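Biologist: Before I plan anything at the bench, could we go through this structure together, one point at a time?

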Amino acid sequence: MLTTDELRRYNRHLLIPEFGSAGQERLKAAQVLVIGCGGLGSPILLYLAAAGVGTLGIIDGDRVDESNLQRQILYGTESIGKAKVEETAKRLQSLNPFCTIEPYFEQLTSKNALTILEKYDLIIDGSDNFPTRYLVNDACVLLSKPLIYGAIYRFEGQVSIFNYQNSPNYRDLFPTPPPPELAPNCAEAGVLGVLPGIIGSLQANEAIKLLAGIGEPLVGKLFVMDALTLTTRIIKIPRLPARFIIDKLIDYDEFCGIKTPDWEMEVTPEQLAEMLKNNLDFQLIDVREANEYAVDNLGGELMPLSVLTDFTGQINREKLVVIHCQSGMRSQKAIQQLREQHGFMNLKNLKGGLAAFRKMH
Amino acid sequence: MNLKILSFGIAKEIIGQLELSVQLSDSATVADLKQFLIAQFPDFQKLSSLRVAINTEYADDSTLLHSNDEIVLIPPVSGG
């Protein structure tokens, strides 16, 4: 039942005959998870919170970067450097205190996906890379959850609803990912700021239709648009005859061909000595404890493994970052944690750590 | 026969324009069209996941094309 406060707040919905209090109560009862609080996540979350969706889960392991503000309208200039999910939770709570916001400050992975997705009725994909898109799709198929898909590139966008009552899914549309060189993301290719606003709003619209049980949701169809000419098409997606069977979650970085071989993730003490001697532009991080650092160090920035998450905002995402500890084990753990939970792809481990470096001299 | 090709995403980058008109033999299929595109624009070779839609529906390789069909090329994009 809606309270008097809610009846006042949602008055303009209640006036629409097709929507009415039945539609509004369905929104209130819904639990929706939005993957990614970025360009697409911004309008999706703002509109769903405003519309009165009862529970909104938000998952993102990133912090706000200045270059996000051109399109990620959840944030202000004062948000720079802060965790996206925390800023988002504050913004949505202020927009609509009747919504329950459930933040997850981590990246979605094959390990946590099923546990996190399980409790929600509807999943919305606002992620920004192919491995996550295949992961979200497969997890939705395994858990029988409907998925609202949206993706953007420069001036173009796509929207669809997958896996709704066994309808076609992302793999029926794109069975295999494109090679990485033909799959640029927003950071590499650029994107018009208003485009995620359009595509994310269309995703929010599909979500509200599905939840309230109105209209004709975009099930089994792909909407595609080019914003430069406003060319749009809706294409029917058939089920693939030779369908890939999804029976478990896999390693999606490997599936998408972007996994870095282990040897490429290491630098030897000799290589590091050269890099230091030649004054190369890279960030050196020491993940040992302060007392160890006091005894001996290489002049790296001290970010102890035990409190590493406090420092993620200070780790460079653009240039090469070399991480070391005493013997190479803790730094390996640090790299794994930063890759899996925060999406860093530019980290290398000093093989053998400080001990091996000192032995060399 | 004359066909109109409408392309999105990286396909539009490869072809260099949103719309393109091409001439194919009268009995051409989707497979022939793909071969033609690869011959004209070798980068299509790398897009193994490229699906071809005819008018408003996805088609498989054996589907026959008809004059004035609109071919729509929609490669996956990942931005968010």
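Modeller: Buried area is the accessible area, taken with a 1.4 Å probe, that two parts lose on being put together, summed over both. Please keep in mind throughout that this is a predicted model.

Biologist: What area is buried between chain A and chain B?

Modeller: The size of an interface is often given as the accessible area lost when the parts come together. Here 44 residues of chain A are in contact with 28 residues of chain B, and on the chain A side Leu182(A), Arg233(A) and Ile235(A) lose the most area to chain B, together 21% of what that side buries. Carbon and sulfur atoms give 61% of the area buried between the two chains, the whole being about 2800 Å².

Biologist: Which residue forms a salt bridge with Arg233(A), and how far apart are the closest N and O atoms?

Modeller: Arg233(A) lies in strand β8 (residues 231-236) of chain A, whereas its partner lies in strand β5 (residues 70-73) of chain B, so the pair joins two chains. Arg233(A) is partly exposed, with a relative accessible area of 23%, while the partner counts as buried at 13%. The count between chain A and chain B is five salt bridges, and in this one the closest N and O atoms are 2.7 Å apart, the partner being Glu70(B).

Biologist: Which residues are joined with Glu70(B) into one network by salt bridges that share partners?

Modeller: The side chain of Glu70(B) also meets that of Lys4(B) in a salt bridge, at 3.3 Å from N to O. Because Lys4(B) lies in strand β1 (residues 2-7) and Glu70(B) in strand β5 of chain B, this pair ties together parts that are 66 residues apart in sequence. Through shared partners, the residues joined with Glu70(B) into one network are Arg233(A), Lys4(B) and Glu19(B).

Biologist: Is Asp125(A), which forms a salt bridge with Arg133(A), buried or exposed?

Modeller: The closest N and O atoms of Asp125(A) and Arg133(A) are 3.0 Å apart, and Arg133(A) is buried, with a relative accessible area of 1%. Since buried means under 20% relative accessible area, and the value for Asp125(A) is 1%, Asp125(A) is buried.

Biologist: How many disulfides are there over all chains?

Modeller: A disulfide needs two cysteine sulfur atoms within 2.5 Å. For Cys99(A), the closest cysteine sulfur is that of Cys37(A), at 14 Å, which is too far for a bond. By this rule, the count over all chains is zero.

Conventions: Residues numbered from 1 in each chain as written. Chains lettered and ligands numbered in written order. Predicted model: local features only at pLDDT ≥ 70, side-chain atom pairs only at ≥ 80, totals over all residues. Heavy atoms only, no water. Contact = heavy atoms within 4.5 Å. Salt bridge = Lys/Arg side-chain N within 4 Å of Asp/Glu carboxyl O. Buried < 20%, exposed > 50% of the residue type's maximum accessible area, 1.4 Å probe, protein only. Helix = DSSP H or I, 4+ residues; strand = E, 2+ residues; numbered from the N terminus.
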